[in-house]
Structures are given as structure tokens and as C-alpha cells.
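Me: Could you take a close look at one part of this protein for me? I would like to hear about the largest nonpolar core and the place where the domains touch.

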Amino acid sequence: MQQRKRHRIAVIGLGMRLGMLLRAARAEGWDFDLAGYVDPAPVGLPLLAEQGIEAGAAYPDVPALLADGPFDLVMIGSPNHLHLEHLRASLDHPGMVFIEKPIVRTEAESFEAARLVRERGAGRVLVGLVARSAPIVCTALERLDDGVIGDIISIDATEHLPPAHGAYLARNWRRRVEWGGSYMLDKVCHDFDILGRMVGARPSRVASFGGRRIFTADTANVSRDQGPAILRRLSGWNAAPDISGADMDVTDHQVAIVEYANGVRLSFHSNTSAAAPERRWNLIGARGAITIDLVQNTMVVTPLETREAIETFRWRGPVGDSHGGADQAMARDLVAALDGERAFPVSVTDSLVAGLTVMAIDRALAENRIVDCAPLWTQLDAAEAGLAA
Ligand SMILES: NC(=O)c1ccc[n+]([C@@H]2O[C@H](COP(=O)([O-])OP(=O)(O)OC[C@H]3O[C@@H](n4cnc5c(N)ncnc54)[C@H](O)[C@@H]3O)[C@@H](O)[C@H]2O)c1
């Protein structure tokens, strides 16, 4: 990263995510000064310390932190149920705000966030849908925009997590709807954001089946903890002592089907404890297919005429990186947005649409019906336009 202005940053919720992101950002050359943070039990502190990054002062609450401004950026990395409250408070401060995905957790919060950003945060809120910055995703979007497979007809997408990751989710605050929203909301809002962008339309109707059959009392003693030490060591705020799922109320596997307004149909298969991890989007178009493998970080474009792969791409992220270089790329995007050089790759509206898509999927599951999404878009558009829905 070229030499630039040093940015002064404040953090609300110094957990694993912001610890990892700030580490990646510093390694990428982002020159920032962490003024301090608000967090009752900052699990991300050791991550910063390992990289020699000073975390700054511990503030008792958000008003005390913001009173020590001005900051170039307030970063929100708290559990999902606190996002709206922290976003509202942060917008009292005049600077930019970065908030982790999912921007909020419920339909009502989504409409409220839309109103809030319109009234007090226009142009100031950046949402951490990091996959938008991933090199593989940027290339895939360019190729699709160039029409490499023609009109998209249908999509098959998956996210099958390795057991250690599922075990982490089963212990972490994400295990409860009241804190995380839902398993799919927290984990695959990235995918629905990118897939919606690729499709170029909003969902018109969705259906879903899912439940919890992996993290149960029967499997409490089965070790699903083999994996990166960091996942074994830190399960974070309000963590459960084991993986029995005793107070877990989110799904641990779920499938969904989505029909978009332009006729594209999509199926999504998620599972939190797969022996063979997979995260893959397979888009079939009128003139070819594109397969984006986010575990291997490869993309294959196959034209219809030859039935052979004509283009194969492979990306490599930095050693130890879990996002295929996306954290570093998002750090560059963040700095460019802060310095007014270019727009951040994802908008608040994009993040709300992705979240509401998954919320509709969860509603379909909970109510055992096909959900018509049109009322969601009417309400979102009204909230963003400052109208009563
Ligand atoms: N973009 C990504 O790829 C990505 C990856 C992981 C997590 N996330 C998102 O980042 C956010 C944080 O997730 P995480 O994995 O770091 O969780 P975490 O549990 O590691 O960290 C959450 C932190 O929030 C703190 N906290 C709890 N109550 C608080 C309060 N009242 N005020 C301030 N801080 C409080 C906790 O003590 C903890 O340190 C979530 O919204 C999550 O969805 C995004």
C-alpha cells in the first residue's frame, strides 16, 4: 500500500473478526492508530498483540469512546444483536463507520437501519461483506458482466464447513437466534450478496428445509474440535462449554431454493460439519457454465459449444489467510474509501438485500411455506426513500 495519511480508529467489539482484520490490514501496510475500544471481554486482543499492534485504551462504553474522537473510522465488530444499537450510537460521531456483516439481524432491524442510514449515515457506512473484495469474486463478476456464460439460467451453490468450524459455531454466540440471527444469516449472507449481484435481480420467492441433527446431546462427546488451535482456544463471548447444542436454537444444516425476479433459480446446500469441506458456486448460463470454488480458490469457465474448460484461474492468499486474500483486499478498499479515492465495493442496500433474502429463507423454514419476498422489497424501498411502508 502506498504511503498515505495515518488513520485514527476506534473499535466497538474487539473480537476475533476485527482482530484478524486489523492484523491483515496492518500486514498489508495500512497505517492506522487504534485509539481504543469498547468491549467487556475483548477476545481479539491477543491477535493484535501477536502482531505488535497497540489496541489503545479500554473505554467503559460507547459514548466515552466517541467523546475521545474525532476518528477517521469507527469499526463495529460486536455480536450481531448489538449491531443496530452500535450503528446508531456511532452515527452520532461525524466520521465513517465500518460495520461487520450481517449489518443487522431481523426484518424490523433492517428497515430501521435503512431509515437510520438515510437520515444520519448516507455515504458514511461501510459493511464488511468481505467476499466482495475477494480477488476471485472480483474476477468472476467481471467475467459474468462480460457475458462469458450468457444469461444465467440456474445456480447450484454450497457451503459445507469443516467439523472444527461447525463446532466453533455450536459453542460461540452464533448458536442462538437472539444473538446471531440464524446460522445462514451469519454464515452465508456473503454468498447471497454475491449471488444476488451475479443474478442482477432480487429474489421473488424462497423455500427452505433445515434443522439440527449434528450438534445434539448424542454427539456431545464426539470430538469435532480437531482444527486450527485458535478455534479450540477461543469460543468467544457467551460461549457454551461444549458442543452438545443444549441451548442452541439455530440450524446446523439447511437447504434453500430461491427464484429471482428475472427467472433465475438457485439451490443452496449448507452443512456445518462436513468431512469434505466445500464452498462452491456453479452457475449455468445459456452459453456456458462457471464454477467458482472458494475452498480451492479456483474458477473454471466452460463454454457450451466445446464442453471443455477454456479458462482455469487459481488465486493464492497470504499464508494462514482464510479468505483467499479478501481481508487484505478489503483493507485496501477501506483505505481507498476513507481517502475518497473510490467507492467501497458493497453498498448498505446490498447488505440489507442480502440479509433480508436470508431472513425470508429462515421465515420459509420456520413457517413451513413458500415466502413471497415482494413485501420485503416494498418495505425496504419505502424505508430507504423515507416513506412510511
Ligand atoms: N466478514 C467476515 O468474514 C466475518 C467473519 C467473522 C465474523 N464476522 C462478524 O463480525 C462480528 C463479530 O464476530 P466475531 O467472530 O469477531 O465474534 P467474537 O465473539 O470473536 O467477538 C465479538 C466481540 O464482541 C464483544 N462484545 C460483546 N458484547 C459487547 C458490547 N456490549 N459492547 C462491545 N463489545 C461487545 C465480545 O466480548 C467479543 O470480544 C459479527 O457480526 C460476525 O458476524 C464477520
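Reply: Happy to; here is a walk through the core, and then through the contact between the domains.

Please keep in mind that this is a predicted model. The largest nonpolar core has 117 residues. Within that core, the members that touch the most others are I9, V11, F98, L195, V358 and A360. Helix α12, which spans residues 348–367, contributes 11 residues, the largest share of this core. The core also draws on both domains, with at least three residues from each of domain 1 (7–131) and domain 2 (135–319 + 347–382). As general background, nonpolar side chains in soluble globular proteins tend to be buried together.

V11 is a nice residue to zoom in on. Leaving aside residues up to four places away in sequence, V11 touches L18, L34, Y37, M75 and G77.

Now for the domains themselves. The domain assignment gives the chain domain 1 (7–131) and domain 2, the latter made of 135–319 and 347–382. Taken over C-alpha atoms, the centres of domain 1 and domain 2 are 24 Å apart. Their contact involves 23 residues from domain 1 and 24 residues from domain 2. On the domain 1 side, α5 (107–121) and β6 (125–128) each supply at least two residues. Of these, α5 gives the most to that side, with 6 residues. Sorted by class, the side of domain 1 that touches domain 2 has 15 nonpolar, 5 polar and 3 charged residues.

Notes:
Residues numbered from 1 in each chain as written. Predicted model: local features only at pLDDT ≥ 70, side-chain atom pairs only at ≥ 80, totals over all residues. Core = buried A, V, L, I, M, F, W, Y, C linked by C-beta atoms within 7 Å. Buried ≥ 20, exposed ≤ 12 C-beta atoms within 10 Å, placed from the backbone. Helix = DSSP H or I, 4+ residues; strand = E, 2+ residues; numbered from the N terminus. Domains from an automatic or database assignment. Contact = placed C-beta atoms within 7 Å. Nonpolar A, V, L, I, M, F, W, Y, C, P; charged D, E, K, R; others polar.
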